[in-house]
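User: Could you walk me through this model? I'd like to go from the helices to the aromatic rings.

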Amino acid sequence: MSSNSFGKLLTVTTFGESHGPAIGCVIDGCPPGLALVPEDFAHDLARRATGRTRHTSQRRETDAVDILSGVYEGRTTGTPIALLIRNTDARSRDYDDLLDTFRPAHADYTYWQKYGIRDPRGGGRSSARETTMRVAAAVIAKKWLAERHGVRVRGYLAQLGETVPRLPADSAIDWDAVERNPFFWPDAAQVPELEAVMDALRKAGDSVGARVTVVAEGVPPGWGEPIYGKLDAELAAALMSINAVKGVEIGAGFAAVAQRGSQHRDEITPERFLSNHAGGILGGISSGQPVICSIALKPTSSIRIPGRSVNLRGEAIEVVTNGRHDPCVGIRATPIAEAMVALVLMDQALRHRAQCGDVGPVAPRIPGG
């Protein structure tokens, strides 16, 4: 299976399956000298993990990271960094009834058509379990970006089904509130409402989609490569690679369709940009404003409501998916989306340094806000 690597100067390769003995990744291109110990991975992996609340799958993995290479005496050496996480709570028996079944809206049928073989245990390679290693790799990217450039990458759940945060227009996100609830929701007063929605979905055996927004603050102007290495294009590709993502927006995204040019254009004064409909990217290059991306995630396809499909013999069957699944995958997608944004930004930062490191600051420099 090809296409398991992404990035140019910072390259990440992931491997492993949902119910295999382990999952892992190799990060190549990380500069030397970055302090890194196994404990650095615990926070973000816990944010992504299942089984921490009744609103997600009850699979409980320890997600303990082994650093196999690329680090000596607590610092990166510049050589490939290999990370390994053992799978400790896989229950393959949950999929015994699906061995010769194509689950609707899953990758079962397409993997079968492409490879002529598939791992039915939890979706194998197509499982969201693989994203654990993206989050682990991004711990390195987030740390490097913060220390070298003051960049901070954070995300929040911006919509769950039909529910949206009740926040005043243009109000600042309360990031402390986001981190204090299991939904990564910016309006703490609405959390009981979200819990009621999730409890009703779980009782009905159904699911719902979600929207996640990621904001990268402190990104300097100049990152991104026209024409085919545009920052927004690479962010879109990286975010679209996340399981269940069916749409990506940069800045105003599809809302720009209904805007007038006089409204959408981000006017500039000597003091600041007056708006950020472009999401911090102009012509594929960062403007110095916050980089803002959003993703749309489809409803979980593994549900208890019977659905029509076919088996390996092409016979019509009825499918009911049991086991441990998320009624809304968007609930724990926030750290995954953050991870992909951070990895793209670090790769672009290294590429900018390689080609244009001698350029330095260019006047005028408009504050990004």
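User: What distance does α8 reach from its first C-alpha to its last?

Analyst: Happy to start there, with the note that this is a predicted model. Helix α8 has 23 residues, and at 1.5 Å a residue a span of 33 Å is expected. The model comes close to that, reaching 32 Å.

User: Is α8 largely enclosed or not, and how many of its residues are buried?

Analyst: Buried here means under 20% relative accessible area. Helix α8 is largely enclosed by the rest of the structure, because the buried ones among its 23 residues number 18.

User: At what angle do the axes of α6 and α8 cross, and is the crossing left-handed or right-handed?

Analyst: Helix α6 covers residues 231-240 and α8 covers residues 334-356, and their axes come within 9 Å. The angle between them is roughly 145 degrees. As for the hand, the crossing of α6 and α8 is right-handed.

User: Which residues meet in that contact, and how do they divide into nonpolar, polar and charged?

Analyst: From α6 come Leu231, Glu234, Leu235, Ala238 and Leu239. They meet residues of α8 including Met340, Val344, Gln348 and Arg351. The contact of α6 with α8 divides into nine nonpolar, one polar and three charged residues.

User: On to the rings: how are the rings of Phe102 and Tyr109 arranged?

Analyst: The structure holds four aromatic pairs. In the pair of Phe102 and Tyr109, the ring centres are 5.4 Å apart and the planes stand at 85 degrees. Planes over 60 degrees apart count as edge-to-face, so the arrangement of Phe102 and Tyr109 is edge-to-face.

User: Is Phe102 buried or exposed?

Analyst: Its ring partner Tyr109 has 46% relative accessibility and counts as partly exposed. Phe102 has 6% relative accessibility, so Phe102 counts as buried.

User: Which residue forms a tilted pair with Phe102, and where does that residue lie?

Analyst: The tilted pair has its centres 6.5 Å apart, with 55 degrees between the planes, and the partner of Phe102 is Trp112. This pair links distant parts of the chain, ten residues apart: Phe102 is in the loop between β7 (81-86) and α2 (108-115), and Trp112 is in helix α2.

User: Which residues do the ring pairs link into a cluster?

Analyst: Phe102 pairs with Tyr109 and also with Trp112. The cluster linked by ring pairs is therefore Phe102, Tyr109 and Trp112.

User: Lastly, which residues does Val197 touch, leaving aside those up to four places away in sequence?

Analyst: Val197 lies in helix α5 (residues 191-204) and counts as partly exposed at 27% relative accessibility. With sequence neighbours up to four places away not counted, Val197 touches Leu160 and Thr163.

Technical notes: Residues are numbered from 1 along each chain as its sequence is written. This is a predicted model: local features need pLDDT of at least 70, side-chain atom pairs count only at pLDDT 80 or more; totals for chains, interfaces and linings use all residues. Side-chain values use heavy atoms; hydrogens and water are left out. Rings of Phe, Tyr and Trp (its six-membered ring) pair if their centres lie within 6.5 Å; planes under 30 degrees apart count as stacked, over 60 as edge-to-face and the rest as tilted. Buried means under 20% relative accessible area, exposed over 50%, partly exposed in between (1.4 Å probe, protein chains only). Helices (H or I, at least four residues) and strands (E, at least two) are DSSP runs, numbered from the N terminus. Axes are lines fitted to C-alpha atoms, for helices over the stretch in contact, and angles run from 0 to 180 degrees between N-to-C directions. A crossing is left-handed if the near helix is turned anticlockwise from the far one by less than a right angle, and right-handed if clockwise. Contact means heavy atoms within 4.5 Å. Ala, Val, Leu, Ile, Met, Phe, Trp, Tyr, Cys and Pro count as nonpolar, Asp, Glu, Lys and Arg as charged, and the others, Gly among them, as polar. The expected span of a helix is 1.5 Å times one less than its number of residues.
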